[in-house]
Amino acid sequence: MKLPLILDEISEIEKVDLIEKVARFVVNRQLTAPAILMLEVCKPINFVGSQFMLALNPFVQAIFNTMEYQKFALIIEKDENLELLIQCIEKLDADKQGE
């Protein structure tokens, strides 16, 4: 399977699944507040951040799943996807607090 080069190569289902996976990772480690703060602060430069993530891809391959990392970097370059991630983190955190 080849790595996606543009966001349009990632299906909507894959996008939502990956956003939820990252949100669950954040909430399970009780990093909700710092993650949301960081994401809100980085909103104006999310495209630059996503491109930086893509540049780091060769170094990250030793630690992370390269396919998911590449997809996530492409997903967060769009403002609405970054907002979707924030909303997903908030929802999962609220659900966890309600348990």
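This report describes the fold of a predicted model and then several of its residues.

## Overall architecture

The secondary structure of the chain amounts to five helices and zero strands, and from the N terminus on its elements run α-α-α-α-α. The radius of gyration is 13 Å, close to the 13 Å that the globule rule gives for 99 residues, so the chain is as compact as a globular protein of that length. Along its principal axes, the C-alpha trace spans about 40 × 30 × 25 Å.

Among contacts between residues at least 6 apart in sequence, 78% join residues that are at least 24 apart.

## Surface, burial and charge

Of the 99 residues in the chain, 34% are buried. The chain exposes about 6,500 Å², and carbon and sulfur atoms supply 63% of that area.

As for charged side chains, the chain has 10 positive and 16 negative ones, and the centres of these two sets lie 4 Å apart.

## Contacts between α3 and the residues around the α4–α5 loop

Asn-46 is found in helix α3, which covers residues 46-60, and this residue counts as buried because its relative accessibility of 8% falls under the 20% limit. The side chain of Asn-46 is joined to that of Asp-79 by a polar contact of 3.2 Å. When neighbours within four places in sequence are left aside, Asn-46 is in contact with Ile-76, Glu-77, Lys-78, Asp-79 and Leu-82.

Ser-50 is likewise placed in helix α3, and with a relative accessibility of 0% it counts as buried. Not counting residues up to four places away in sequence, Ser-50 touches Ala-73, Ile-76 and Glu-77. Ile-76 and Glu-77 therefore appear in the contact lists of both Asn-46 and Ser-50, where contact means heavy atoms within 4.5 Å.

On the other side of these contacts, Ile-76 lies in the loop between α4 (66-75) and α5 (79-98). Although placed in a loop, Ile-76 is buried, with a relative accessible area of 11%. Leaving aside neighbours within four places in sequence, the contacts of Ile-76 are with Asn-46, Ser-50, Met-53 and Leu-82. Leu-82 is thus in contact with Ile-76 and also with Asn-46.

## The α1–α2 loop

Gln-30 has its place in the loop between α1 (12-28) and α2 (32-42). Its phi is near 55 degrees, a positive value in a residue other than glycine. Most residues other than glycine have a negative phi. Gln-30 counts as exposed, because its relative accessibility of 67% is over the 50% limit, whereas Ile-76, in the loop between α4 and α5, is buried.

## Separations across the chain

Two C-alpha separations relate the N-terminal helix α1 and its end to the loop between α4 and α5. The C-alpha atoms of Ile-76 and Asn-28, which are 48 residues apart along the chain, are separated by 21 Å. For Glu-14 and Glu-77, 63 residues apart along the chain, the separation of the C-alpha atoms is 15 Å.

Glu-14 itself is placed in helix α1, and at 31% relative accessibility this residue counts as partly exposed, since the value lies between the 20% and 50% limits.

Notes:
Residues are numbered from 1 along each chain as its sequence is written. This is a predicted model: local features need pLDDT of at least 70, side-chain atom pairs count only at pLDDT 80 or more; totals for chains, interfaces and linings use all residues. Side-chain values use heavy atoms; hydrogens and water are left out. Helices (H or I, at least four residues) and strands (E, at least two) are DSSP runs, numbered from the N terminus. Buried means under 20% relative accessible area, exposed over 50%, partly exposed in between (1.4 Å probe, protein chains only). A polar contact is a pair of N or O atoms within 3.5 Å; within protein, one must be able to donate a hydrogen and the other to accept it, and residues adjacent in sequence count only if both atoms are side-chain atoms. The radius of gyration is taken over C-alpha atoms; the globule rule is 2.2 Å times the number of residues to the power 0.38. Accessible areas come from the Shrake-Rupley method with a 1.4 Å probe; for residues, only the protein chains shown count as cover. Lys and Arg count as positive and Asp and Glu as negative; His and the chain ends are not counted. The place of a charge is taken as NZ of Lys, CZ of Arg, CG of Asp or CD of Glu.
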